[in-house]
There are 2 protein chains.
Amino acid sequence: MTRFALTLEFDGGPFMGLQRQDHGPSVQQAVEEAAFRVTGEDVRMHAAGRTDSGVHALGMVAHIDVEKPFDPFRLMEALNYHLKPDPVAVLACEVKPDDWHARFSCIGRAYEYRIVNRRAPLTLEKGKAWAVTRPLDAKAMHQAAQSLVGRHDFTTFRSVHCQSQSPVKTLDRLDVSREGEQVIVRAEARSFLHHQVRSMVGTLVLVGLGQWRVEQVAEALHARDRTALGLNAPPDGLYFVRAVYPD
Amino acid sequence: MTRFALTLEFDGGPFMGLQRQDHGPSVQQAVEEAAFRVTGEDVRMHAAGRTDSGVHALGMVAHIDVEKPFDPFRLMEALNYHLKPDPVAVLACEVKPDDWHARFSCIGRAYEYRIVNRRAPLTLEKGKAWAVTRPLDAKAMHQAAQSLVGRHDFTTFRSVHCQSQSPVKTLDRLDVSREGEQVIVRAEARSFLHHQVRSMVGTLVLVGLGQWRVEQVAEALHARDRTALGLNAPPDGLYFVRAVYPD
C-alpha cells in the first residue's frame, strides 16, 4: 500500500460539496471514481477540509491509499484523464508515509474570499465571486476583522450544523484589502468551524456598507450567540487556497 | 437623439460572436434586445471590434442612439437589469457627440491572450484560457513576437474570411510574459485583421514549444502566405481589453 497526497483544484459550482453526499455529486466521489478507473481498487479519499456546496479550491490537499504500485506523476496524469469532464484537477501528487494524514496531519488552512464590488453584474466571474453592488469600505472591514484575530469562542460565527467539539479556535490572520474593483478577504487558522469564514465575511460586509459600526463585530463575537450574526456570505466567492503540514 | 457609449464586459462562451448572426445568439442581439426593453426603441449597436464566437471582453466599447431622454447612469442600470441572465454587463455609460462612433472613431485596440501552461486540465478557468500542457519558453515567444511589431503585410496571419481592404497593418505591441503558470500575450494596434491575434498566438506557441525556431516567425510573415501559418489559438483565451479614442 502506498499513500499518495493529491493537491486538488476544483470549481465547486456543480458539486454538493467536497464530501460524499447521498443526494448529489461531490468532489470526493469524482476523485474516488477516477481512482477506481485507474487502479481497479475501492479507494477512499481523505481531505484537509470539507468545503460546502459551491465553494472552490485552488490547493485542497487530500490523500488516497493504493495497493498497486504507481509512479506519482503517472497516477496524477491518469486521474486527470479520468476526472474529465468534471471540473476537478490534480495539480500535484506525491508519496507520503503511511502515518501522514491529509486531515489529521494538517496544521494550517488558508481561505480566500473574493468580492466584486461594482454596480454591474458579474459575467466572466459569475459563480466565482460575490457581487456586492454598493461601495464597500475595505479599510473599515480590515479594522473590524482584527477584533476576530486570536483565540476566541466563535459560537457567533458557527453553523448550527457544525460538528466541531469546541467553538474555541485561534484565527491567525483575517486581512481585508481592495484590489481594484475586488475586495479580497484572506483567512488563516489551524482549523475553522463550519461556515466560519462565510459568517465572518458576511458580517464584515455589513461593516463595509456602513450598516454596522466597526466595534459591533467584537460585540457580536463576545455575545457568543448565533442570532448576533450579520449574514452568511454566499459560497461562490470562497476558495480553499492552501493546507499546511509540518516541515 | 442621444448617442451613448457603453463599455461592455462579456463572457463570449455562450455567444456566436459579438456581431448579430442568423444562426445563434450574439452580444449585439443581447444588448439590442435589452435596449428595446428599456427604451421601446429599435436600437442598433455599433462596437469597436467584432469578436468571434467564444472570445471574451473586459472593456469592449460600443454605442447606441436613443430618441427618448435618459440619464446615462439610469440607462446603464436598466440595461444591466434586462441583460440578465446573459453574461453581458455594461460597466460604464456616457453621452457622446453625434459624430462620435464606437468603431470609426476608435484609434487603438488592445487584446490579451491567456494561456495556462501546466499538465493539469483547467477547472475554474475552463473556457477562459488555452490550456497548453507542454512547457512554453515565454522568452523565446517574446523574442519571436518582436519580429511582428511594426508595419507589415499580415497576409500570413489573416483569416480567409477577413473583410479588411488591405492586409497591411501596424502592430504597436506584442508582448509575451510568464506570470506563474500563465503565459500572457498582450497585443495593441490601431486595428487588427480577422483572426490576426489568434494566428499570431498560435504561431508563437509553436516557438514556445521549440517546434519552430524564433526566426521562423519572421520568415512566415515575409512569406505572405496563409499556408506558412502555424496554428490558430482557440478563442477561449482571447479577451478584448480596451478601445482607445482621441483625447
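The following questions and answers cover a predicted model with chains A and B.

Modeller: Residues are numbered from 1 along each chain as written, with chains lettered from A and ligands numbered from 1 in written order. In this predicted model local features need pLDDT of at least 70, side-chain atom pairs count only at pLDDT 80 or more, and totals for chains, interfaces and linings use all residues, while side-chain values use heavy atoms, without hydrogens and water.

Biologist: What relation do chain A and chain B have?

Modeller: Two copies of a chain are related by a rotation about an axis and a shift along it. Here a 180° rotation with 0.0 Å of shift along its axis puts chain A on chain B at RMSD 0.0 Å, by least squares on C-alpha atoms of residues with pLDDT of at least 70 in both. That is the relation of a two-fold axis.

Biologist: Which residue of chain A comes closest to the rotation axis?

Modeller: The distance is taken at the C-alpha, and its value is 4.9 Å. The residue is Glu125(A).

Biologist: Is Asp11(B) buried or exposed?

Modeller: Asp11(B) sits in the loop between strand 1 (2–10) and helix 1 (27–39) of chain B; helices (H or I, at least four residues) and strands (E, at least two) are DSSP runs, numbered from the N terminus. Buried means under 20% relative accessible area, exposed over 50%, partly exposed in between (1.4 Å probe, protein chains only). At a relative accessible area of 12%, Asp11(B) is therefore buried.

Biologist: Which side chain is joined to that of Asp11(B) by a polar contact of 3.4 Å?

Modeller: A polar contact is a pair of N or O atoms within 3.5 Å; within protein, one must be able to donate a hydrogen and the other to accept it, and residues adjacent in sequence count only if both atoms are side-chain atoms. A polar side-chain atom of Asp11(B) also lies 2.9 Å from the backbone nitrogen of Gly13(B). The side chain in the 3.4 Å contact is that of His56(B).

Biologist: How many salt bridges does the rule find across the interface of domain 1 and domain 2 of chain A?

Modeller: An automatic or database domain assignment gives domain 1 (2–96) and domain 2 (108–244) in chain A. A salt bridge is a side-chain nitrogen of Lys or Arg within 4 Å of a carboxyl oxygen of Asp or Glu. Asp52(A) forms one with Arg198(A), the closest N and O atoms being 3.4 Å apart. Across this interface the rule finds two.
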